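Here is a short tour for someone who likes to see how the pieces of a fold sit together. Open the structure alongside the text and follow along.

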Amino acid sequence: MKTYQAAAQDSTTQPSTKTVRVAIRGRVQGVFYRKWTVDNANQLGLKGWVRNKRDGSVEALFSGSHEAVQEMEQRCRRGPADALVTGLDVFPCSDDPGSGFELKPTV
């Protein structure tokens with residue numbers, strides 16, 4: 001099975017980077033959603049971050065190939081086993097994703 005990073009390296013042209021901010025609602029706190037997000041984002045070779053919000057939602061920024069970001073959006077719609085995602089909003093973003101994928105403090 002080829003990773004998204006390997007697929008991007010195989011192409012003759014470097015794919016453009018897609019960066020989005022995602023708001024996830026539902027039962028997404030207290031179910032290891034952030035840890036799950038970090039693991040999945042690293043698996044897909046994404047840069048960015050994830051954090052809890054005081055309103056009970058989770059917010060994330062994903063940056064990478066179009067395919068990897070779209071795959072992460074789909075994974076976030078399901079979430080980890082104990083999560084119950086009731087809403088997911090995706091917004092184009094131009095924020096700097098940083099050099100890796102990190103867990104940020106609650107805001």
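Let's begin at a turn. In this predicted model, strands β2 and β3 make a hairpin with five residues between them. Within that turn, Gly56 has a positive phi of about 95°.

**The strands around β3**

The hairpin partners, β2 (residues 47–52) and β3, pair in the antiparallel sense over six bridges. Strand β3 also has a partner in β1 (residues 17–27), and eight bridges join these two, which run antiparallel as well. Leu61 is a handy place to look at both pairings: Trp49 stands opposite Leu61 in β3, and Arg21 stands opposite Leu61 too.

How many of the eight residues of β3 are buried? Eight of the eight are, so strand β3 (residues 58–65) is largely enclosed by the rest of the structure.

**The overall plan**

Stepping back, the protein has three helices and five strands. Read from the N terminus, the order of elements is α-β-α-β-β-α-β-β. The protein has 107 residues, and 42% of them count as buried. Its accessible surface comes to about 6,200 Å², with 48% of that belonging to carbon and sulfur atoms. If you take the contacts between residues at least 6 apart in sequence, 78% of them join residues at least 24 apart.

**The annotated pair**

The UniProt annotation "active site", from an unreviewed entry, covers Arg34 and Asn52. They are spread over 19 residues of sequence yet cluster in space, with a largest C-alpha distance of 7.6 Å.

Arg34 has its place in helix α2 (residues 33–43), while Asn52 lies in strand β2. Leaving aside neighbours within four places in sequence, Arg34 is in contact with Val50, Arg51, Asn52, Val58, Leu103 and Lys104. With the same kind of neighbours set aside, the contacts of Asn52 are Gln29, Arg34, Ser57, Val58, Pro105, Thr106 and Val107. Val58 is therefore one of the residues in contact with Arg34 and also one of those in contact with Asn52, and Val58 falls within the enclosed strand β3 (residues 58–65).

**Burial of selected residues**

The table collects relative accessibility for a few residues in this report.

| Residue | Relative accessibility | Class |
|---|---|---|
| Arg34 | 26% | partly exposed |
| Asn52 | 10% | buried |
| His66 | 34% | partly exposed |
| Cys76 | 1% | buried |
| Cys93 | 19% | buried |

Why does Cys93 count as buried? Its relative accessibility is 19%, and buried means under 20%. Cys76 is buried as well, at 1%. As for sulfur pairs, a search of the whole structure finds zero disulfides.

**His66 and the start of α3**

His66 is found in helix α3 (residues 66–78). Is this residue buried or partly exposed? His66 is partly exposed, because its relative accessible area is 34%. Which residues does His66 touch, once neighbours within four places in sequence are left aside? They are Ser16 and Lys18. His66 and Ser16 are 50 residues apart along the chain, and their C-alpha atoms are separated by 7.3 Å. Lys18, for its part, belongs to strand β1 (residues 17–27), the strand that is joined to β3 by eight bridges.

How values were computed. Residues are numbered from 1 along each chain as its sequence is written. This is a predicted model: local features need pLDDT of at least 70, side-chain atom pairs count only at pLDDT 80 or more; totals for chains, interfaces and linings use all residues. Side-chain values use heavy atoms; hydrogens and water are left out. Helices (H or I, at least four residues) and strands (E, at least two) are DSSP runs, numbered from the N terminus. Buried means under 20% relative accessible area, exposed over 50%, partly exposed in between (1.4 Å probe, protein chains only). Contact means heavy atoms within 4.5 Å. Accessible areas come from the Shrake-Rupley method with a 1.4 Å probe; for residues, only the protein chains shown count as cover. Two strands pair if DSSP finds at least two bridges between them. A disulfide is a pair of cysteine sulfur atoms within 2.5 Å. UniProt positions are given in the numbering used here, feature names are shortened, and annotations may be inferred rather than shown by experiment.
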